[in-house]
Amino acid sequence: MNTNLLLHRFFNGFLWLALPLLLAPVAWALADWAVFSAVFRPDLQACQQAGGQGACWGVVAEKWRVILFGRYPLEEQWRAGIVLLLWSVLLFATAARVFTSKTAFSLWALLLPASAVLLHGGFADLAVVPTSLWGGLPLTLILSTVGFAMALPLAVLLALGRQSAFAPLRRFCIAYIELLRALPLVTVLFLAAFVLPLWLPGEGLDLFTRVLFTIALFSAAYLAEVLRGGLQAVPAGQGQAAKALGLNGVQRNVHVVLPQAIRACLPSLINSFVTLFKECSLVTIVALFELTGALSLALAGDVQWRSFYLEGYLFIGLVYWAYCFGLSKTVK
């Protein structure tokens with residue numbers, strides 16, 4: 001047998017034996033810190049005695065309401081909890097295509113206004129909660145999901161416009177896409193939060209609405225490039241065959257080209273949504289306390305629990321991972 005092959009097999013076998021032995025002490029130390037020596041009850045004294053030898057998950061047990069719901073009033077958080085549950089279930093069901101497209105669209109069309117009314121209140125003896133107090137995980141889901149839903153139709157128009165034979169339209173779409181892609185989201189959020197109100201008459205739009213439209217307009221530029229890749233993956237013969245059948249340009253795109261393009265780039269679209277879901281943490285800089293900002297809100301003003309930021313960030317990291325990993329696995 002070839003000597004190089006024998007050496008290769010020996011080296012692979014050595015790695016399979018050596019790596020577990022080398023990583024075992026690290027794995028045990030992490031398990032001991034995170035589980036065996038950890039404090040799970042909201043006991044500040046026990047957490048302080050653990051000193052760094054064990055994690056203080058008690059900070060999550062103590063502050064979970066603020067972390068998950070931000071500044072939403074404590075006595076009204078059941079409303080935000082219902083919205084969080086319904087949005088999470090429908091989001092995963094839509095990604096897994098449990099429902100048909102028409103059914104999913106109808107459910108979202110019902111859930112969006114119902115959630116807005118429930119969160120805002122002002123009826124049936126429900127206290128009014130302004131959008132400035134919405135926060136935590138429900139705010140993250142709303143900004144990312146609604147922002148993505150608003151961005152997708154605009155992205156379709158931009159992608160089709162970029163391939164248009166009409167030069168002014170094509171140049172406008174190219175300019176829009178390249179300009180937005182060249183700007184950081186932080187910069188655009190600052191403009192929407194602090195500069196745009198100077199141009200709007202009267203009281204203008206509230207901060208939540210401005211940020212939501214900004215996220216949608218910003219995301220559309222990136223989604224347009226994803227969809228353009230999907231359009232280029234559709235064979236030219238598909239459009240030509242549809243034209244031969246007598247379909248006009250709109251009918252060809254709506255019934256033939258776009259469904260195939262979206263199916264071809266569906267993994268990239270899900271990846272874009274996952275990215276947007278995480279990037280919504282940037283809205284904290286304009287005083288909208290979504291999941292990440294809610295953690296700072298929960299611990300920054302509490303001197304006693306402030307030293308346990310690590311456990312708090314690990315918890316919200318687990319929440320982000322659960323949503324992002326779950327979405328990536330539910331796509332069929």
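Where does A124 lie with respect to α5 and α6? In this predicted model, A124 is found in the loop that runs between α5, spanning residues 101-120, and α6, spanning residues 136-162. The place of D125 is likewise in the loop between α5 and α6.

Both residues were examined for backbone geometry and accessibility. A124 has a phi near 50°, a positive value in a residue other than glycine. For D125, phi is near 65°, which is again positive in a residue other than glycine. With a relative accessibility of 64%, A124 counts as exposed because the cut-off for that class is over 50%. The relative accessible area of D125 is 82%, so D125 is exposed by the cut-off of over 50%.

Attention then turned to the aromatic side chains. A pair of aromatic rings is described by two quantities, the distance of the centres and the angle of the planes. The count of aromatic pairs in the model comes to 14. In one pair, formed by W87 and W108, the ring centres are 5.3 Å apart and the planes stand at 75°, so the arrangement is edge-to-face; angles over 60 degrees fall in that class. Because W87 belongs to helix α4 (residues 77-95) and W108 to helix α5, this pair ties together parts that are 21 residues apart in sequence. W87 and W108 are both buried.

An aromatic cluster was also identified. Its members are F92, F148, F273 and F277, together with Y320 and Y323.

Notes:
Residues are numbered from 1 along each chain as its sequence is written. This is a predicted model: local features need pLDDT of at least 70, side-chain atom pairs count only at pLDDT 80 or more; totals for chains, interfaces and linings use all residues. Side-chain values use heavy atoms; hydrogens and water are left out. Helices (H or I, at least four residues) and strands (E, at least two) are DSSP runs, numbered from the N terminus. Buried means under 20% relative accessible area, exposed over 50%, partly exposed in between (1.4 Å probe, protein chains only). Rings of Phe, Tyr and Trp (its six-membered ring) pair if their centres lie within 6.5 Å; planes under 30 degrees apart count as stacked, over 60 as edge-to-face and the rest as tilted.
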